[in-house]
Amino acid sequence: MLRDQALTVSAVEELPRVLYLPLFMEAFSRRHFEALTVMVQAWPFTRLPLGSLMKTLHLETLKALLEGLHMVLTQKDRPRRWKLEVLDLRDVDENFWAVWPGAWALPCSPEATSKRETAEDCPSTGEHQPLKVFIDVCIKEVPQDECLRYLFRWVYQRRGLVHLCCSKLVNYLTPIKYLRKSLKIIHLNSIQELEIRNMSWPHLIRKLRCYLKEMKNLRKLIFSRCHHYMSDNDLEGRLVAKFSSVFLRLEHLQLLKIKLVTFFSGHLEQLIRCLQNPLENLELTCGYLLEEDVKCLSQYPSLGYLKHLNLSYVPLSRISLEALGALLEKVAATLETLILEGCQIHYSQLSDILPGLSRCSQLTTFYFGRNFMSMDALKDLLGHTSGLSKLSLETYPAPDESLNSLVHVDWEIFTPLRAELMRTLREVRQPRRIFIGPAPCPSCGSSPSEELEFHLCC
């Protein structure tokens, strides 16, 4: 059949479903583009998960498939056998190509699940339901990837017939025009995860706010290394207020991550009070927050069910941590991850957070390295973790007594102190994976991680 195009055209309408996938995979692997064009026009399944078959998009293969789809989509009376609703170009791990087709009729099948998830995001219009094309987009170079550029152009020319759905969109580029071009083509309701890097905050707010407001199914929002160079505090406050109003529309947001959080210093309350959905994950890292910013974290219901809190590399040494302690008490029943690494917390502040920390019974991960703790303070801290039975990964700094004049660890002093800390800890509970000391270790190069086995550095 693959050698004879005329035979393929005549037989494809009558080909049994059980033979359709093996023939398609053979045509795909041998790059019989004419056969692929014909077969996609009679696709007898509701989904074509091409991304799991083609890990990296191949331009000529993509052109052949889209040419066949164009012929069907532009017909008023579509082929009798054609049932395609979703073309999935994401690299997802599934067994579509290995399972007997009859299994897909089950209600709990991946196909049924995908249909339930996407039907609402991409509503039907007109006589025929639009074909939904799913892809994860990463914009990181100019010109864009040739396959992505071709797909965008193909979708744009068939507006109304095709909905381009993107569950995950990542933008690395500073020029915002390339991201805006993508957002004009993508069905905004389909975006569930958005990550924007290396962009100016004022520019981002002015140019993207109108698009963000329409991402009503957004669940994860990540801003990484977005900078600002503004000296006008009033203007900055107005921009934050405009940006915060976007969150009134994001009813499904579960994760908010802002790296280089300095832009919101003094204005964080405006953002937090606009959150509509209880957050599960909040990350505000690598920047400065004022005491009033930390206070607002414990005052709003949207942060009352946090599972993951990350304030790493936000200097907290000059402010009271009573508000952070209050937040820990508020989320004690749900918090699973707490990262306070590099916050420059001093032992004099520890008493503000210990009562709340000791009640976090669900805590599994606690990063507290790169802070300033005396030996007595670390013993006190470890003693307050006696009730944290689920703690499976924890990190602590070397005690101040083991640091020399250059703030480097003196290993002769540190080694017995570390052993004493471990004895203190074992008196209250049995640790699983623990890292005490500088990270990475200057002796062995080890750093704490999820893969770290029980480890006491060197």
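Biologist: Which residue in S10 stands opposite lysine 257?

Modeller: Happy to help! This is a predicted model, where local features need pLDDT of at least 70, side-chain atom pairs count only at pLDDT 80 or more, and totals for chains, interfaces and linings use all residues. Residues are numbered from 1 along each chain as its sequence is written, and side-chain values use heavy atoms, leaving out hydrogens and water. Strands here are DSSP E runs of at least two residues and helices are H or I runs of at least four, numbered from the N terminus. Across from lysine 257, in S10, stands glutamate 283.

Biologist: How many bridges join S9 to strand S10?

Modeller: Two strands pair if DSSP finds at least two bridges between them. S9 and S10 (residues 281-285) run parallel, and the number of bridges joining them is 5.

Biologist: What is the bridge partner of leucine 221 in S9?

Modeller: Strand S8 (residues 220-224) and strand S9 (residues 255-259) also pair in the parallel sense, over 4 bridges. In S9, leucine 221 has as its partner leucine 256.

Biologist: In what order do the 4 strands of the open sheet come?

Modeller: The pairing in this sheet is parallel. Its edge strands, each pairing on one side only, are S1 (47-48) and S5 (162-165). The order is S1-S2-S3-S5.

Biologist: Why does glutamate 146 count as partly exposed?

Modeller: Glutamate 146 lies in helix H7 (residues 146-156). Buried means under 20% relative accessible area and exposed over 50%, with partly exposed in between (1.4 Å probe, protein chains only). Glutamate 146 counts as partly exposed because its relative accessibility is 47%.
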